[in-house]
Amino acid sequence: MAVIAGNWKMHMTPRETEAFFAALDLTEVVAHNEFIIFPPVASLAVAAACGARDPRIQLGIQNMHWEEQGAFTGETSGQIAVEAGASFALIGHSERRHVFGETDAQVALKVVAARRDGLIPVICVGETLEERRAGRVDEVILRQLAAAVQALKGGEGRFLVAYEPVWAIGTGETATPEDAAAAHATLRAELESTLGIAAALRTPLLYGGSVNPANAADLLAAAEVDGVLVGGASLDAVSFTGIAAAGAG
Ligand code: PGA
């Protein structure tokens with residue numbers, strides 16, 4: 001059983017979203033996988049209407065504000081996302097952190113807000129190339145994880161963690177299955193020591209960064225990799241299905 005998640009980023013108009021779902025055929029792969037798609041907010045309702053034809057596809061929001069409502073022009077609340085059809089929230093994606101300056105403290109606020117609003121958080125962590133070259137992978141991902149996990153302490157409920165090395169996102173460079181396994185082992189051990197063995201074992205750890213139908217099987221077979229978070233290759237129904245087929249293998 002693998003989690004196959006698609007992060008559409010700022011792609012896919014409502015019309016393109018409809019076309020994607022019309023072309024998507026998960027019949028062969030659905031039994032072995034859990035599917036989550038993160039459309040842009042304006043396409044969420046259309047995705048929900050299309051996805052309703054296949055209740056096995058769940059939807060999420062790519063980012064959210066931590067306040068329940070208010071004068072926050074351009075932001076989306078958890079409640080708006082839920083009503084539009086989301087049940088997951090990506091939090092702390094590297095583009096939020098590095099392009100929009102999102103901090104660990106803001107990530108923590110969003111994790112708490114997601115839980116409050118009934119969304120399952122998908123917490124993203126990952127090091128830059130500079131940090132990897134400096135041998136700081138574990139330090140960086142553990143710092144990012146700690147901020148989010150602190151916010152989860154004491155609360156029940158599901159969450160997921162996505163390890164997405166920044167240098168592998170949208171670059172065509174993929175972490176090796178060994179790199180992914182090593183980072184995931186670090187994350188799993190930290191979850192075990194902070195939240196306990198049961199929480200650590202039931203939390204899916206996803207790998208993200210240039211995943212495609214050709215490399216998905218090796219990444220999904222790596223130790224501690226429970227699924228993938230796919231950007232570019234999730235925009236096409238055939239390639240998304242190809243990645244899911246790797247998860248079903
Ligand atoms: P990519 O993006 O698959 O296009 O590298 C992954 C992500 O940012 O979630």
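Where is the place of Lys 9? Select Lys 9 and follow the chain to either side. Lys 9 sits in the loop between strand S1 (2-7) and helix H1 (14-23). Keep in mind throughout that this is a predicted model.

**Stop 1: the loop after S1**

Stay on Lys 9 and check its backbone. Its phi is positive, at about 50°, although Lys 9 is not a glycine. Now move along to Met 12. Met 12 also belongs to the loop between S1 and H1. Its phi is near 80°, again a positive value in a residue other than glycine.

**Stop 2: the ligand**

Select the ligand next, then show the residues around it. There are 13 of them. Those that come nearest are Lys 9, His 93, Glu 164, Gly 170 and Ser 210. Colour the shell by residue class. You should count 4 nonpolar, 7 polar and 2 charged residues.

Now pick out individual contacts:

- Lys 9: an N or O atom of its side chain is 2.7 Å from an oxygen atom of the ligand.
- Asn 7: a polar atom of its side chain lies 3.5 Å from a ligand oxygen atom.
- Gly 231: here a backbone N or O atom lies 2.8 Å from an oxygen atom of the ligand.

Turn on a surface at this point. On its own, the ligand has 280 Å² of accessible area, and the protein covers 95% of that.

**Stop 3: H5 against H7**

Leave the ligand and select helix H5 (residues 104-116) together with helix H7 (residues 137-152). Their axes are 8 Å apart, and the helices pack at an angle of about 35°. The crossing of H5 and H7 is right-handed.

Show side chains on both helices. From H5, display Asp 104, Val 107, Ala 108, Val 111, Val 112 and Arg 115. They meet Arg 143, Gln 144, Ala 147, Ala 148, Ala 151 and Leu 152 of H7. This contact of H5 with H7 holds 8 nonpolar residues, 1 polar and 3 charged.

**Stop 4: H7 against H8**

Keep H7 on screen and add helix H8 (residues 177-195). How do the axes of H7 and H8 cross, and at roughly what angle? They come within 10 Å and cross at roughly 35°. The crossing of H7 and H8 is right-handed.

On the H7 side, select Asp 138, Ile 141, Leu 142, Leu 145 and Val 149. On the H8 side, select Ala 183, Thr 186, Leu 187, Glu 190, Leu 191, Thr 194 and Leu 195. Together these residues make the contact. By class, the contact of H7 with H8 has 8 nonpolar, 2 polar and 2 charged residues.

Notes: Residues are numbered from 1 along each chain as its sequence is written. This is a predicted model: local features need pLDDT of at least 70, side-chain atom pairs count only at pLDDT 80 or more; totals for chains, interfaces and linings use all residues. Side-chain values use heavy atoms; hydrogens and water are left out. Axes are lines fitted to C-alpha atoms, for helices over the stretch in contact, and angles run from 0 to 180 degrees between N-to-C directions. Helices (H or I, at least four residues) and strands (E, at least two) are DSSP runs, numbered from the N terminus. A crossing is left-handed if the near helix is turned anticlockwise from the far one by less than a right angle, and right-handed if clockwise. Contact means heavy atoms within 4.5 Å. Ala, Val, Leu, Ile, Met, Phe, Trp, Tyr, Cys and Pro count as nonpolar, Asp, Glu, Lys and Arg as charged, and the others, Gly among them, as polar. A residue is near a molecule or strand if one of its heavy atoms lies within 4 Å of it. A polar contact is a pair of N or O atoms within 3.5 Å; within protein, one must be able to donate a hydrogen and the other to accept it, and residues adjacent in sequence count only if both atoms are side-chain atoms. Accessible areas come from the Shrake-Rupley method with a 1.4 Å probe; for residues, only the protein chains shown count as cover.
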